[in-house]
Amino acid sequence: MTRLVALLMSFALLAACNGAADLDDAPVPLGDFRLEHNIAVAPKAQKGPLSREVTKAQLTTALTDATAERFARYSGARRYHFGMSVEGYNLATPGIPLVFAPKSVMIINLTVWDDAKNKKLNEKPHQITVLESLDQGPIVGSGYTKSAEEQLKNLAQNAAKSIETYLVKQNKAEGWFMGPAAE
């Protein structure tokens, strides 16, 4: 029971963070990083149960726009590319306030490519699952308070923030964006 409560609190903390809240701050250090290409696809995107409908073009555009907005702040000399695939999404529909307030979620796979080394930094795509921010309507549900486009924008911003967090972790652990540009 304690584990379940801890897990739910962790999800609540993650959901509370709005992915765009820190865009006016200085970016977290990522070494000599510059995003060159930012490509999102959604050929196999699965729509969750009771989800609002969006097109694959809307999914990929929201993700590339949010990623470009976040990573345009980095101006290193070494070029990197992102390959992102939207695997699934659920955009909350109106529920029953205080009883059933569905949340929005997005699942993406990320591959990072080092341009100078001409190779993937992560051989296996890294999967990221993001929830909507709590400011989207924690009690009533974002299905009542936000349009599908607003929900999607929030999920995409949270995904871009999660990508940045993953890159910082990998840079610290593996030195991804440090050292010589080519082997």
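This is a guided tour of the structure above, one selection at a time.

**Before you start**

The model is predicted, so to speak of local features a pLDDT of at least 70 is needed, side-chain atom pairs count only at pLDDT 80 or more, and totals for chains, interfaces and linings use all residues. Residues are numbered from 1 along each chain as its sequence is written, and side-chain values use heavy atoms, with hydrogens and water left out.

**Stop 1: the whole chain**

Show everything as a cartoon. The protein has 4 helices and 6 strands; these are DSSP runs numbered from the N terminus, with helices being H or I of at least four residues and strands being E of at least two. Read from the N terminus, the order of elements is α-β-β-α-β-β-β-β-α-α. Colour by accessibility next: of the 183 residues, 43% are buried. Here buried means under 20% relative accessible area, exposed means over 50%, and partly exposed lies in between, using a 1.4 Å probe and protein chains only. If you draw a contact map, residues 24 or more positions apart supply 76% of the contacts with a separation of 6 or more, where a contact is a pair of heavy atoms within 4.5 Å.

**Stop 2: strand β3**

Select residues 78-90, which form β3. Is this strand enclosed or not? It is largely enclosed by the rest of the structure, because 11 of its 13 residues are buried.

Now bring in its partners; two strands count as paired if DSSP finds at least two bridges between them. Add β1 (residues 33-41), which pairs with β3 in the parallel sense over 8 bridges. To find the register, pick alanine 40, which stands opposite methionine 84 in β3. Then add β2 (residues 46-47), which runs parallel to β3 and is joined to it by 2 bridges. Glutamine 46 sits opposite glycine 88 of β3. Finally, add β4 (residues 105-114), whose pairing with β3 is antiparallel and spans 10 bridges. Two opposed pairs to label here are valine 86 with isoleucine 108 and methionine 84 with leucine 110.

**Stop 3: strand β4 and onward**

Keep β4 on screen. This strand is mostly covered, with 7 of its 10 residues buried. Select β6 (126-131) and you will find 6 bridges joining it to β4, the two running antiparallel. Isoleucine 108 has isoleucine 128 in β6 as its bridge partner.

Which strand forms a hairpin with β4? That is β5, with 4 residues between the two strands. Zoom in on the turn, where asparagine 118 has a positive phi of about 55°. The pairing of β4 and β5 is antiparallel over 2 bridges, and tryptophan 113 stands opposite lysine 120 in β5.

Move along to lysine 124, in the loop between β5 (119-120) and β6. Lysine 124 counts as exposed because its relative accessibility is 68%. Measure its C-alpha distance to threonine 111: the two are 13 residues apart along the chain and separated by 7.5 Å.

**Stop 4: α2 against α4**

Hide the strands and select helix α2 (residues 56-71) and helix α4 (residues 148-174). Two packed helices are described by the angle between their axes and the distance between the axes. For this pair the angle is about 50° and the axes are 8 Å apart. The axes are lines fitted to C-alpha atoms over the stretch in contact, and angles run from 0 to 180 degrees between N-to-C directions. That angle makes α2 oblique to α4; under 35 degrees is roughly parallel, over 145 roughly antiparallel, 65 to 115 roughly perpendicular and the rest oblique.

Show the side chains at the contact. From α2, choose residues including Leu59, Ala62, Leu63 and Phe71; from α4, choose among others Leu152, Ala156, Ile163 and Leu167. The contact residues divide into 11 nonpolar, 3 polar and 5 charged.

**Stop 5: two residues of α4**

Centre on leucine 167 in α4. Leucine 167 is buried because its relative accessibility is 0%. Leaving aside residues up to four places away in sequence, leucine 167 touches Leu30, Phe33, Phe71, Phe82, Val112, Trp176 and Phe177. Leucine 30 is 137 residues away in sequence, yet the C-alpha distance is 7.5 Å.

End at glutamine 170, also in α4. What is its relative accessible area? The value for glutamine 170 is 14%, so this residue is buried. With the same sequence neighbours set aside, glutamine 170 touches Gly175 and Trp176.

Methods. Nonpolar A, V, L, I, M, F, W, Y, C, P; charged D, E, K, R; others polar.
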